[in-house]
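Me: I'd like to learn how to read a protein model, one feature at a time. Can we go through it together?

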Amino acid sequence: MNKDKLVFWTAVACLSTSMCIGKAKAESQLWVTPGAVSYHVERTQNNGERWNETNYGLGVEYEVSPQTAVMIGVYRNSLDRWTHYALVQYTPIVFGPVRLGAMVGAVDGYSRNVDPALAPVATIE
C-alpha cells in the first residue's frame with residue numbers, strides 16, 4: 001500500500017471511530033450501499049473518450065443519528081478509475097420524509113492522490 005492510501009485509510013478509521021464512539025445511539029443503523037450511474041451533459045472528455053457512466057461499487061453507511069451518517073466505500077468513477085471515499089453526511093433540514101443537507105470528506109482516483117469532497121444531499125426516508 002502506498003503512503004497516500006495509508007494516510008487516507010488511517011484518516012477514515014479515525015474519523016469513523018471517533019464519530020461512532022462519540023455519538024452512537026440506540027437508533028443507529030448500518031447500511032450497505034451500491035454504486036450508481038451518472039450522466040454527463042458534455043458527452044465526451046477533453047481527450048475525446050466517453051465518460052464512464054456505470055459507476056458500480058460498494059460502500060457502508062453508518063447512521064450515527066437521524067441527521068448524521070458516516071460513509072466509506074469504493075466505486076468506479078467517471079474517469080473509469082477506482083475511487084475510495086470517506087464522507088460524513090449531515091441532513092438537518094426536514095420536509096416530511098425528505099431530508100436535505102450536505103456531505104463532506106475525501107475521495108481519491110481523480111486528479112490528485114486525495115481530493116476534498118463536498119456535495120448537496122437529499123434523502124427520502
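Me: Let's start with salt bridges. How far apart are the closest N and O atoms of Arg-43 and Glu-53?

Reply: The idea is to look for a side-chain nitrogen of Lys or Arg within 4 Å of a carboxyl oxygen of Asp or Glu. In this predicted model, Arg-43 and Glu-53 have their closest N and O atoms 2.8 Å apart, so they form a salt bridge by that cut-off.

Me: Where in the chain do Arg-43 and Glu-53 sit?

Reply: Both are in the loop between β1 and β2, with their positions 10 residues apart in sequence.

Me: Are these two buried or exposed, or something in between?

Reply: Here you look at relative accessible area: buried means under 20%, exposed means over 50%, and partly exposed is what lies in between. Arg-43 has 27%, so it counts as partly exposed. Glu-53 has 17%, so it counts as buried.

Me: How many salt bridges are there by this rule?

Reply: The count is 2. Besides the pair we just saw, Asp-80 forms a salt bridge with Arg-76, and there the closest N and O atoms are 3.1 Å apart. Try the burial reading again: Asp-80 is partly exposed at 43% relative accessibility, while Arg-76 is buried at 16%.

Me: Next up, aromatic rings. How many aromatic pairs does a search of the whole structure find?

Reply: It finds 2 aromatic pairs. To read one, check the distance between ring centres and then the angle between the planes; over 60 degrees counts as edge-to-face. Tyr-56 and Trp-82 are 5.6 Å apart centre to centre, with 80 degrees between the planes, which makes this an edge-to-face pair.

Me: Which parts of the chain does the pair of Tyr-56 and Trp-82 tie together?

Reply: Tyr-56 lies in strand β2 and Trp-82 in strand β4 (residues 82–95), so the pair ties together parts that are 26 residues apart in sequence. Tyr-56 is partly exposed, with a relative accessible area of 47%, and Trp-82 is partly exposed too, at 41%.

Me: And what kind of pair do Tyr-75 and Tyr-85 form?

Reply: That one is tilted, with 5.9 Å centre to centre and 45 degrees between the planes. Tyr-75 lies in strand β3 and Tyr-85 in strand β4, so this pair ties together parts that are 10 residues apart in sequence. Both of these tyrosines are buried.

Me: You keep mentioning strands. What does the protein's secondary structure come to?

Reply: It comes to 1 helix and 6 strands. Reading from the N terminus, the order is α-β-β-β-β-β-β.

Me: How do strands β1 and β2 run, and how many bridges join them?

Reply: To read a strand pair, you check the direction of the two strands and count their bridges. Strand β1 (residues 29–37) and strand β2 (residues 54–63) run antiparallel, joined by 8 bridges. Strand β2 is also antiparallel to strand β3 (residues 68–76), this time with 7 bridges. A hairpin of 4 residues takes the chain from β2 to β3.

Me: Which residues can I click on to follow this from strand to strand?

Reply: Start at Trp-31, which stands opposite Glu-61 in β2. From Glu-61, go on to its bridge partner in β3, Met-71.

Me: What does Ala-117 touch, leaving aside its neighbours within four places in sequence?

Reply: For contacts, skip the close neighbours in sequence and see who remains. Ala-117 is found in strand β6 (residues 115–124), and it is in contact with Leu-87, Met-103, Val-104, Gly-105, Ala-106 and Val-107. With a relative accessible area of 18%, Ala-117 is buried. You can also compare sequence with space: Ala-117 and Ala-86 are 31 residues apart in sequence and 9.0 Å apart in space, C-alpha to C-alpha.

Me: How much of the whole protein counts as buried?

Reply: Of its 125 residues, 33% do. The accessible surface comes to about 8000 Å², and 64% of that belongs to carbon and sulfur atoms.

Me: Last one: what is the mean pLDDT of the protein?

Reply: The mean is 81, and 78% of the residues reach 70 or more. Over residues 3–26, though, the pLDDT is below 50. Where pLDDT is low, the predicted coordinates should not be read in detail.

Note on methods:
Residues numbered from 1 in each chain as written. Heavy atoms only, no water. pLDDT = per-residue confidence, 0-100. Contact = heavy atoms within 4.5 Å. Buried < 20%, exposed > 50% of the residue type's maximum accessible area, 1.4 Å probe, protein only. Areas by Shrake-Rupley, 256 points an atom, 1.4 Å probe, with all protein chains shown as cover. Pairing = 2+ DSSP bridges. Phe/Tyr/Trp six-rings, centres within 6.5 Å; stacked < 30°, edge-to-face > 60°.
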